[in-house]
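Work through the exercises below with the model open. Each one sets a task and then solves it step by step.

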Amino acid sequence: MAQWTSAIGPAQLARQLKAQQPRPVGTGLRKPPAYRALADGIRLLVLEGRVPAAARLPAERELAVALSVSRTTVAAAYEALRGEGFLESRRGAGSWTAVPAGHPLPGRGLEPLPPESLGSMIDLGCAALPAPEPWLTRGVQGALEELPPYAHTHGDYPAGLPALRQMLADRYTARGIPTMPEQIMVTTGAMGAMDAICHLFAGRGERIAVESPSYANILQLMREAGARLVPIAMAEGLTGWDLPRWRQVLRDAAPRLAYVVADFHNPTGALADEDQRRQLVDAARSAGTVLVVDETMSELWLDEDLAMPRPVCAFDPAGATVLTVGSASKAFWAGMRIGWVRAAPDIIRSLVAARAYADLGTPVLEQLAVNWLMGTGGWEQAVELRRTQARENRDALVAAVRRELPGWEFDVPRGGLTLWVRTGGLSGSRIAEVGERVGVRVPSGPRFGVDGAFEGYVRLPFTVGGPVAEEAAVRLAAAARLVETGGGSGSAEPPRTFVA
Ligand SMILES: Cc1ncc(COP(=O)(O)O)c(C=O)c1O
């Protein structure tokens, strides 16, 4: 019996492999032998989750033709992969990809590593900062005081605690968008909100228009929900949304949903202006598409002189076209796992039904803590701390990367938590792989793309500052040198924790 569960064709594999080579070759640097480069390329596709484990690879002859290399090269590459545990073969059944025992399982999203496993590795894998103390402790203490009446109930609130729904509604009203508590559902993070939205609107095969690039974990959530992603390219620089293109794609593809991060887009940091917001809503309304707006980063404006545009839902206050997703994760702390959705009451009712069988509700204590913080002004003070921290980190990281990696290019965003960096023509996947060996963990560009796009990028978050940001840039420069000189190729070892 064959051991494979999916198959990748020769043309598709060749396309993915070619995308890994953004730098024009022939710069006089040491190149690995062709078979080694091919084995490394396939191994990277497996490690980055772009070719799944147990995927049948093309026959040697077919792949040789698609890549214009000799069959011997492909045979030697397959042999090397077999030796490293990334390929299994059986006569008559062909060859299929594998992950060696003990190796971390590949994923396409951004898997946080347990902090205690990192050693001296600098982790730029996730754009999440530590809690802004003392506000976490104060919020939890406030919540404990308010807990007793809830302790007498069953504790399941699939729509969220009434007090927090009211609080979140009032905050939208204060921002100029009148909102009732019936228009709010509290969720387990923005991820929980998106999960319920995909569950309700985007069943198998349904189309979802997404920015290209977009936030890796939500792209992966949508893929796993069985949706078909329709990428719409972000414009160069920080201008972001190309409205004629959005209108055309929404009209032609008529996706059920569109997902945008209009406030300090993850990963590019772009901020949509009011006109772009209005036009996005118009385009969605005319196409009959539900526009999901992820406001996770919206409170993280870092430049003091920045006048924030109105929220996208200001252009659809009833919430029939625009579903707004919010979260405490970036403004406050990801460990709270508190998010929410704002939409029309009937949509909220359906979302509550859609989420009920996933988790029945969000923990009461954390909801009370967020409610306490928002009600006492602690939230604003905590977010102010966050902004100061993120601003200092951004400035330190920008200076360090400019100094250590002058060939890398980026635009400095005015808010959010991420720098989207063009890696001077080097493969972002290879930088990510080699980075782990020299002590810096960084997600490659293709994690934020659809179908392997953005190979020439990495994403750097504003989570480290001062000397750590400088050391991160030094290690990234070391990784870049290794990739450039071919010294990073050929390792079958799992990523190791760096020991300084
Ligand atoms: C745009 C965006 N949406 C959602 C999330 C995840 O949010 P949560 O932790 O609330 O699930 C993140 C976290 O990085 C994000 O950047």
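Angles under 35 degrees count as roughly parallel, over 145 as roughly antiparallel, 65 to 115 as roughly perpendicular, and the rest as oblique. Axes are lines fitted to C-alpha atoms, for helices over the stretch in contact, and angles run from 0 to 180 degrees between N-to-C directions. Helices (H or I, at least four residues) and strands (E, at least two) are DSSP runs, numbered from the N terminus.

The model is predicted: local features need pLDDT of at least 70, side-chain atom pairs count only at pLDDT 80 or more, and totals for chains, interfaces and linings use all residues. Residue numbers start from 1 along each chain as its sequence is written.

**Exercise 1. Classify the packing of α14 against α15.**

Step 1. Take the geometry. Helix α15 covers residues 378-404, and α14 packs on it at an angle of about 95°, with the axes 4 Å apart.
Step 2. Apply the classes. α14 and α15 are therefore roughly perpendicular to each other.
Step 3. List the contacts, where two residues touch if their C-beta atoms, placed from the backbone, lie within 7 Å. On α14 they are L373, M374 and T376; on α15 they are G378, W379 and A382.
Step 4. Sort by class. Ala, Val, Leu, Ile, Met, Phe, Trp, Tyr, Cys and Pro count as nonpolar, Asp, Glu, Lys and Arg as charged, and the others, Gly among them, as polar. The α14 contact with α15 has four nonpolar, two polar and no charged residues.

**Exercise 2. Do likewise for α7 and α14.**

Step 1. α7 spans residues 162-174 and α14 spans residues 364-376. The angle is about 40° and the axes are 9 Å apart.
Step 2. α7 and α14 are therefore oblique to each other.
Step 3. Find the hand. A crossing is left-handed if the near helix is turned anticlockwise from the far one by less than a right angle, and right-handed if clockwise. α7 passes α14 in a left-handed crossing.
Step 4. α7 contributes A163, L164, M167 and R171, while α14 contributes Q367, V370, N371, M374 and G375. That contact has five nonpolar, three polar and one charged residues.

**Exercise 3. Which residues are joined to P213 and P267 by cis peptide bonds?**

Step 1. S212 is joined to P213, with omega about 10°. P213 sits in the loop between β7 (207-212) and α9 (216-224).
Step 2. N266 is joined to P267, with omega about 20°. P267 sits in the loop between β9 (257-260) and α11 (274-287).

**Exercise 4. S68 and F454 have positive phi: is each buried or exposed?**

Step 1. Set the cut-offs. A residue is buried if 20 or more other C-beta atoms lie within 10 Å of its own, exposed if 12 or fewer, and partly exposed in between; C-beta atoms are placed from the backbone.
Step 2. S68, not a glycine, has phi near 55°. Its loop runs between α3 (60-67) and α4 (71-84). S68 is exposed, with 7 other C-beta atoms within 10 Å.
Step 3. F454, also not a glycine, has phi of about 75°. Its loop runs between β14 (440-441) and β15 (457-461). F454 is buried, with 23 C-beta neighbours inside 10 Å.

**Exercise 5. How many residues apart in sequence are P32 and T485?**

Step 1. Place P32: the loop between α1 (10-19) and α2 (34-47). P32 is partly exposed, with 15 C-beta neighbours inside 10 Å.
Step 2. P32 and T485 are 453 residues apart in sequence, yet 9.2 Å apart in space, C-alpha to C-alpha.
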